[in-house]
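Subject: Structure handover

Hello,

Here is the structure for you to take over. Please open it before reading the notes underneath.

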Amino acid sequence: MRLWTGILFVLALGLFASCAQQSADPVETGGASSFESPYFEVTVIGNGPDIILVPGLASSGAVWDGTVTALKDRYTLHVIQVNGFAGTPANGNAQNEDVLDDLASGVSTYANQMEDAPTLIGHSLGGLVALKTALEPDTNLEHLIIVDVLPFFSVLMDPNATAQSIAPVSAMMKATLLAQSDDVFALSHAEALRALVKSEDDLQMALDWSIDSDRAVMAQAMSEVLVTDLRTQISDISVPTLIIYARDEAIANMDAIESFYETLYAPIADHNLIAVDDALHFVMLDQPVAFLAAIQTVLTES
């Protein structure tokens, strides 16, 4: 199956902001968590049952501001900021060749320190991290929410893809990203993002964060996304899992994409799929009310 040639590169990068409402005001800065990791920082806001939020590649943790604003009076939101993304120091992610695994291991450790099992929400690259976290031994989670990502992204480029077959493509795309001039990088991403989000303001927000990101960390994480194939592993996930995905007439091959969601997530015994209509990949930006309604179908309040 062939998807939009012009946007494939950005799709592979996972440059997709998560969960901020279009009209949401910035959230006041919460307290920094005492948890220390070389791979990410955590900001804690609100009061109530715990929710951990993992954004996509190159995104600031501020992409969750809309969700935090809506839920902070009833939940404690633990907002992850991946080091090296959106202008933050790379720290332990500099020259790291296992970005996704180290993020998943760290999030698992963080979740296991909580008194009660949290809900874990991840979008795009963050969704893959969330799946990996749920597969970590003895991870303590109440619910898992995956937003607009498949357990093997690269089937969108080739339905017959394997991690091995896509490895040369991954290496080529990483090299291309690293070699691009800043101007070419900005122009190509701005054009591609127009097919993925319905608001010019949201497009600019995602673009600014990607431009400010550490290019080497971003390129490495992108290359890992392309070769991460969890299809045969997710049957081991016992946590109740909600998968939210975008559905829109502007999305090419929508029927085939929906089929992928239905078949590739079928191995998770306790799972549910919710399609959000009239949204592109930025589900949470394009349809914030519908997105919040979807996640609240599984949230437990104190």
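The notes below go through some strands, one helix, the nonpolar cores and one loop residue.

This is a predicted model, in which local features need pLDDT of at least 70 and side-chain atom pairs count only at pLDDT 80 or more, while totals for chains, interfaces and linings use all residues. Residues are numbered from 1 along each chain as its sequence is written, and side-chain values use heavy atoms, with hydrogens and water left out.

Helices (H or I, at least four residues) and strands (E, at least two) are DSSP runs, numbered from the N terminus. β7 and β8 pair (at least two DSSP bridges) in the parallel sense over seven bridges. In this pairing T241 stands opposite H271 of β8.

Helix α11 covers residues 288–295, and its buried residues (under 20% relative accessible area, 1.4 Å probe, protein chains only) are P288, F291, L292, A294 and I295. These lie on the same side of α11, because they cover an arc of only 160° around the axis, taken from the directions from the helix axis to the C-beta atoms. They pack against several elements, including β7 (241–247) and β8 (271–277).

The largest nonpolar core (buried Ala, Val, Leu, Ile, Met, Phe, Trp, Tyr and Cys residues joined through side-chain atoms within 4.5 Å) has 91 residues. Those with the most contacts inside it are I52, L131, L144, I244, Y265 and I295. Apart from it lies another core of nine residues, among them L193, L196, V197 and A206.

S33 sits in the loop between β1 and β2. A polar atom of the S33 side chain lies 3.0 Å from the backbone nitrogen of F35.

Regards

Methods
Buried means under 20% relative accessible area, exposed over 50%, partly exposed in between (1.4 Å probe, protein chains only). Contact means heavy atoms within 4.5 Å. A polar contact is a pair of N or O atoms within 3.5 Å; within protein, one must be able to donate a hydrogen and the other to accept it, and residues adjacent in sequence count only if both atoms are side-chain atoms.
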